[in-house]
Amino acid sequence: MADSPSVPAKVVGALGILAQLVLFPFYLSSGLVTPLWGLIVLMMIWAALLVVAIRLWRTRPFLVPLVPVVAVAVWLGFVSAGEAWLGWTA
């Protein structure tokens, strides 16, 4: 039977999941810049990253804080690319 992650590891993982939840309003407010299809894509990406964070929390909790970092990079890249190439404006 595999060992359960330590308490500090679970705390770090929980903080990573909390950070992912904090990003939700930023993703949601992107609807001010993106068209509806862009917002739907962003929300699907956010939800998928939340699922990844929860799965990682069970097995490798020290990797969970990387998920919000990836989420910020994806969000900035998606919105910036839309503004640059597709003419999205607020």
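Start the tour by selecting V7, which has its place in helix α1; at 62% relative accessibility, V7 counts as exposed. Keep in mind throughout that the coordinates belong to a predicted model.

**The patch around V7**

Extend the selection from V7 to V11, L15, L18, L21, V22 and F26, and colour these residues together, for they make a nonpolar surface patch of about 650 Å². Helix α1, residues 7-22, gives the most to this nonpolar patch, with 6 residues.

**G16**

Stay in helix α1 and select G16, which has its place there. Is G16 buried or exposed? With a relative accessible area of 3%, G16 is buried, because that value lies under the 20% cut-off. If you show what surrounds G16, leaving aside its neighbours within four places in sequence, you will find it in contact with V64, P65 and P68. Now add E83 to the selection and draw a line between the two C-alpha atoms: G16 and E83 are 67 residues apart along the chain, and their C-alpha atoms are separated by 29 Å.

**The whole chain**

Zoom out and switch to a cartoon view, in which the secondary structure of the chain comes to 4 helices and 0 strands, so that, read along the sequence, the chain follows the pattern α-α-α-α. The radius of gyration of the chain is 15 Å, well over the 12 Å that the globule rule gives for 90 residues, so the chain is more spread out than a compact globule. Turn the model along its principal axes, and the C-alpha trace spans about 55 × 20 × 15 Å.

With a surface displayed, the accessible area of the chain comes to about 5,800 Å², and 77% of it belongs to carbon and sulfur atoms. Buried residues make up 31% of the 90 residues in the chain. If you turn to contacts with a separation of 6 or more, residues 24 or more positions apart account for 67% of them.

**The aromatic rings**

Next, hide the surface and show the side chains of the aromatic residues, among which the count comes to 5 aromatic pairs. Select W37 and W88: their rings have centres 5.7 Å apart and planes at 70°, so the pair is edge-to-face. This pair links distant parts of the chain, since W37 is in helix α3 (residues 36-59) while W88 is in the segment after α4 (66-86), 51 residues apart. The two partners can also be viewed by their accessibility: W37, at 49%, counts as partly exposed, whereas W88 is buried, with a relative accessible area of 10%.

Keep W88 selected and add F78. How are the rings of F78 and W88 arranged? Their centres are 5.6 Å apart and their planes are at 50°, so the pair is tilted. F78 lies in helix α4 and W88 in the segment after α4, so the pair ties together parts that are 10 residues apart in sequence. F78 is buried, and so is W88.

For the last aromatic stop, select F26, Y27 and W75, which ring pairs link into a cluster. F26 will be familiar from the beginning of the tour, as one of the residues that make the nonpolar surface patch.

Methods: Residues are numbered from 1 along each chain as its sequence is written. This is a predicted model: local features need pLDDT of at least 70, side-chain atom pairs count only at pLDDT 80 or more; totals for chains, interfaces and linings use all residues. Side-chain values use heavy atoms; hydrogens and water are left out. Helices (H or I, at least four residues) and strands (E, at least two) are DSSP runs, numbered from the N terminus. The radius of gyration is taken over C-alpha atoms; the globule rule is 2.2 Å times the number of residues to the power 0.38. Buried means under 20% relative accessible area, exposed over 50%, partly exposed in between (1.4 Å probe, protein chains only). Contact means heavy atoms within 4.5 Å. Accessible areas come from the Shrake-Rupley method with a 1.4 Å probe; for residues, only the protein chains shown count as cover. Rings of Phe, Tyr and Trp (its six-membered ring) pair if their centres lie within 6.5 Å; planes under 30 degrees apart count as stacked, over 60 as edge-to-face and the rest as tilted. Patches are made of residues with over 30% relative accessible area and no salt bridge: like charges are joined within 9 Å, nonpolar side chains (Val, Leu, Ile, Met, Phe, Trp, Tyr) within 5 Å. A salt bridge is a side-chain nitrogen of Lys or Arg within 4 Å of a carboxyl oxygen of Asp or Glu.
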